[in-house]
Amino acid sequence: MRDTFLIALYAAIGAGAAGLLGVAALRLLRNRSVALSLAVVAAVAVAAMLAGTMLVSWAMLLSDHDLWVVTMVCSIAAIVSLAVALVLGRSVVRGSRALAEATRALGDEGRFTPPSAAPTAELAQLVRELDATSAKLAASREREQALEESRRELVAWISHDLRTPLAGLQAMTEALEDGVVDDPSVYHARIRTEVERLSEMVGDLFELSRIQAGVLALNTARMSVYDLVGDAIAGADALAREHGVRIIGDGVEPVPIEVDGREMSRVLANLLVNAIHRTPTDGTVAVSAREEGGSVVVSVTDGCGGIPSEDLPRVFDTGWRGTDARTPPAGAGLGLAIVRGIVEAHSGRAAVHNVPGGCRFEVRLPTAA
């Protein structure tokens, strides 16, 4: 038993000494390549085995011949083991270099192409994380490009829409100053109308800027969607009569919701005004609200004739106004973008679908607890 203990002790001392030297070597080479670090690890493992064996052989007081045989066998085994370890480690080095090249491409070109195969589970996990990060960056760039494009379109459309009323205001004020107007009250009414249009545009721009900046403050309160829809229909009734359009509020369930009444009233007003402008005379705008799967779905159906399928994904984009035939006489294409922003601020979702003879705008909101 004592001999066994001594053999184990000498082996541990030799292997431990080699291990300490390996730790020191790795510390000195910690900023070097993976290939050099793997070589040091392999050399330390072989040296620890060799040192423990030789120390035990020396302690056993073997004959010179036996000691020479043991030394020869251990040396050859150590050389072969080190060579095999270095050869096997080359695959890890190649995988690391391939991953470094792919990562460099992600930084330079914004695109990450995963290596064909990762030699270790850790590198494979790193490849998956980088691939997921690349996908998120690509989606972020696409959103940024789409937002920048919509902003450029918005600036162009706003510039066009502002130029027309401003030119009219300038012409009417010059006519009033020159005294060439027979009935100034007519021009006064037109000036008032144009100023109201400009005020609405500025108000929409301010609201949209708050939504896009994420600073839209909501003062939520518990209310019934029945009352909310009823107030919106009452507010749009005069405009509907002016255009010869009927508003039908069938199927509105008294579902409780937790929303900002002012902002949601603006959402419904925008949808109703949008539907009235696009529905021909003697047409019908239908409003409904129903509970569905823990949510309340408010829908506004018009008689616009439908939206082209290629335009459906862009309906709620900033500045979108569709074809010229569907462009209202006033507005800058901000109403539906404001609808989506306010609904999403309430943790809801806005959508549009074509139906026979028109389209249906749906607002899905969570019901109150």
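# A walk from helix α7 outward

Let's start in helix α7, which spans residues 261–278 and holds Glu-263. Keep in mind that this is a predicted model. Glu-263 carries a charge, so is its side chain buried or exposed? The answer is buried, with a relative accessible area of 3%, which falls below the 20% cut-off. Leaving aside residues up to four places away in sequence, Glu-263 touches Glu-207, Arg-210, Leu-216, Leu-218, Ile-342 and His-346. Glu-263 also has a salt-bridge partner in Arg-262, with the closest N and O atoms 3.1 Å apart. That partner sits in another kind of setting: Arg-262 counts as exposed, at 61% relative accessibility.

One of the contacts of Glu-263 deserves a stop of its own, namely Glu-207. You'll find Glu-207 in helix α5, and Glu-207 is buried as well, at 2% relative accessibility. Its contacts, again without residues up to four places off in sequence, are Leu-216, Glu-263, Arg-266, Ile-338 and Ile-342. Which side chain meets Glu-207 in a salt bridge? It's Arg-266, at 3.6 Å from N to O. This pair ties together distant parts of the chain, since Arg-266 belongs to helix α7 and Glu-207 to helix α5, 59 residues apart. Arg-266 itself is partly exposed, at 23% relative accessibility.

Helix α5 has another salt bridge to look at, between the side chains of Glu-196 and Arg-192, at 3.5 Å from N to O. Here the partners are local: they are four residues apart in the helix, so about one helical turn separates them. As a rule, an α-helix has 3.6 residues a turn, so residues three or four places apart point the same way. Side chains of opposite charge can then pair when their charged atoms come close. Glu-196 is partly exposed, with a relative accessible area of 40%, and Arg-192 is exposed at 60%. Over the model, the count of salt bridges comes to six. A network of them links Arg-290, Glu-292 and Arg-364.

Now move to helix α8, residues 335–345, where Leu-336, Ala-337, Ile-338, Val-339, Gly-341, Ile-342 and Val-343 are buried. What covers these residues? The cover includes helices α5 and α7 along with strands β6 and β7. Two of the buried residues have already come up: Ile-342 touches Glu-263, and Ile-338 and Ile-342 both touch Glu-207. After α8 comes Ser-347, which has a positive phi, near 60°.

The strands are next. β6 and β7 pair in the antiparallel sense over seven bridges, and in that pairing Arg-349 has Arg-364 as its bridge partner in β7. Arg-364 is also a member of the salt-bridge network with Arg-290 and Glu-292. On another front, β7 pairs with β5 (residues 295–301), antiparallel and again through seven bridges. There, Ser-295 stands opposite Pro-366.

Two residues lie between the strands in the β6–β7 hairpin, where Gly-357 takes a positive phi near 85°. Pro-356 also sits in this loop, between β6 (349–355) and β7 (358–366). Pro-356 is exposed, at 85% relative accessible area. Its C-alpha atom is 7.6 Å from that of Gly-305, although the two residues are 51 apart along the chain.

From the hairpin, head inward. The largest nonpolar core has 46 residues, and the members that touch the most others are Val-225, Val-229, Met-264, Val-267, Leu-271, Phe-316 and Phe-361. Phe-316 makes a good anchor for the view: beyond residues up to four places away, Phe-316 touches Leu-336, Ala-337, Val-339, Arg-340, Ala-350, Ala-351, Val-352 and Phe-361. Apart from this core lies another, of five residues, among them Leu-99, Phe-112, Val-127 and Leu-130.

Finish on the surface. Trp-68, Val-69, Met-72, Val-73, Ile-76, Val-80 and Val-84 make up a nonpolar patch there, with about 630 Å² of accessible area together. Val-84, one of this group, is found in helix α3, residues 64–109. How exposed is Val-84, and what relative accessibility does that rest on? Val-84 counts as partly exposed, at 45%.

Terms used. Residues numbered from 1 in each chain as written. Predicted model: local features only at pLDDT ≥ 70, side-chain atom pairs only at ≥ 80, totals over all residues. Heavy atoms only, no water. Buried < 20%, exposed > 50% of the residue type's maximum accessible area, 1.4 Å probe, protein only. Core = buried A, V, L, I, M, F, W, Y, C linked by side-chain atoms within 4.5 Å. Contact = heavy atoms within 4.5 Å. Patch = residues over 30% accessible without salt bridge, like charges linked within 9 Å, V, L, I, M, F, W, Y side chains within 5 Å. Areas by Shrake-Rupley, 256 points an atom, 1.4 Å probe, with all protein chains shown as cover. Salt bridge = Lys/Arg side-chain N within 4 Å of Asp/Glu carboxyl O. Pairing = 2+ DSSP bridges.
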